[in-house]
Amino acid sequence: MSGVITGFGVIASIVVVGYLLGRWPVLGPSGREVLHKLAFYVASPALLFTLLADTDLTLLVSGPVVVSLLSVFAVASVFIVVGLVRRWGVGRTTVGTLSSSYVNAGNLGLPVAAYVLGDATLVAPILLLQLLLMAPVGLTLLDLNRGEVRGVGPVVRRSLGTPVRNPILIGSLAGVAVSASGWTPPGPLMEPFELVGAMAVPAMLLAFGISLNGSRMPGRGPDKAPMFLAVALKSVLQPAVAWVLGAWAFGLGAADLFSVVVLAALPTAQNVFNYASLYRTSETMVREVVLVTTVLTVPVLLTVTLFLG
C-alpha cells in the first residue's frame, strides 16, 4: 500500500497549494480558467504524446484490456440509461458517464501500478483506452451539445470534424503514430514535449484545489442524485464488474486479475473535471465525484489488496 499512500500524498499536497491560491487569489480571478486551458490545450497534448510514443501498442489486444473495456462499458451504460430515464440532459449525462468510469490512470495510476502491482506499464492499456476512445467520444458530445448546429448535414460534419480539432486527441494520435512506426525520436526532440507535458497534472490539480475554495460539502447540491450514482458506479460497481469478468468470464490468472481490479478501483480522473470546467457543464457535480472517489479509494484498494493481493 506504500504506492497508494505516496500517490495520494503527492496529489493532496498539490491540491492544498491550489486551495491556498484560491483563498489568497494571487493568480487573479481568472487563475483557475487559465490553468484549465493551459492543461487542455498545451500541456496535456504534450504529455500524452510523450507517453504514447513510448508505449507498446500490442498491449491493447490482451485479455486484461478486454476486461477493463467491458467493465468501463458496463458502468457507463448504467449511467447513460439512468440519465436518459431521468432526463438529465446531454451535458450532465456525458460528464456523469465519464465521472463514473474514467479512472485516474495517470498521476495516481502510475505510482499504484509501480508500487502495488510492481509494473508501471500495466497502466498503459487503460490509459490508451481512455485517451483514444472515451475522451474523444465524450468531448465530441460536449462540443456538439455546446454548439448551435442544426440540420443533419451540419451535425454530421461537425461530429466528424470535432475529434480531429481536439488537442487531446491530436496529441494522443501523434504519439500512437510514432509508436506504430517503430521510430525512436531523439532525446533533444522530445525534451520540449516532456517539459511542457510535465505541467499538465500539476495545472489540473492546482485548478481543482482553487475550485474547492468556498465550496460546500459534497452531496448537498441539485446534482446530488447523479453525483451519488457516479460515486457508487466508480468506487463499487466498476471494480466488482472487473473482478466478476476477470475471474469467471475470462479466467485470468491471479496477477492479471489483481491488476485489473486495482486499476478499476482507482478514483475518477482529474481530467474529467478539467473537461467539465472547460465546457462549463456540471462542474460542481464532477468536482464532488472526483473528491469523494479519491477519498474512498484508500479503503477500496486496501480491501482489494487483502482479498486478492
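**Exercise 1. The nonpolar core.** In this predicted model, determine which residues of the largest nonpolar core touch the most other members, and which helix gives the most to this core.

*Solution.* The largest nonpolar core holds 68 residues, and those touching the most other members are Tyr-102, Leu-117, Leu-139, Val-262, Tyr-275 and Val-286. Helix α6, which spans residues 124-146, gives the most to this core, with nine residues. Taking Tyr-102 and leaving aside its neighbours within four places in sequence, one finds contacts with Gln-130, Leu-131, Met-134, Ala-135, Pro-267, Thr-268, Ala-269, Asn-271, Val-272 and Tyr-275. A second core, separate and made of seven residues, includes Leu-35, Ala-203, Leu-206 and Ala-207.

**Exercise 2. A residue of α14.** Decide whether Thr-293 is buried or exposed, and list what Thr-293 touches beyond four places in sequence.

*Solution.* Thr-293 belongs to helix α14, residues 283-308. Its relative accessibility is 0%, so Thr-293 counts as buried, the cut-off for buried being under 20%. With residues up to four places away in sequence not counted, Thr-293 touches Val-231, Lys-234, Ser-235, Pro-267 and Thr-268.

**Exercise 3. A helix pair.** Describe how helices α3 and α4 pack, and which residues make the contact.

*Solution.* Helix α3 (residues 63-86) packs against helix α4 (residues 90-101) at an angle of about 150 degrees, their axes being 9 Å apart. Angles over 145 degrees count as roughly antiparallel, and therefore α3 is roughly antiparallel to α4. The crossing of α3 past α4 is right-handed. From α3 the contact draws on Val-72, Val-75, Ala-76, Phe-79, Ile-80 and Gly-83, and from α4 on Arg-92, Thr-93, Gly-96, Thr-97, Ser-100 and Ser-101. Sorted by class, this contact has five nonpolar, six polar and one charged residues.

Definitions and conventions:
Residues numbered from 1 in each chain as written. Predicted model: local features only at pLDDT ≥ 70, side-chain atom pairs only at ≥ 80, totals over all residues. Heavy atoms only, no water. Axes fitted to C-alpha atoms, helices over the stretch in contact; angles between N-to-C directions. Helix = DSSP H or I, 4+ residues; strand = E, 2+ residues; numbered from the N terminus. Parallel < 35°, antiparallel > 145°, perpendicular 65-115°, else oblique. Left-handed = near helix turned anticlockwise from the far one by under 90°. Contact = heavy atoms within 4.5 Å. Nonpolar A, V, L, I, M, F, W, Y, C, P; charged D, E, K, R; others polar. Core = buried A, V, L, I, M, F, W, Y, C linked by side-chain atoms within 4.5 Å. Buried < 20%, exposed > 50% of the residue type's maximum accessible area, 1.4 Å probe, protein only.
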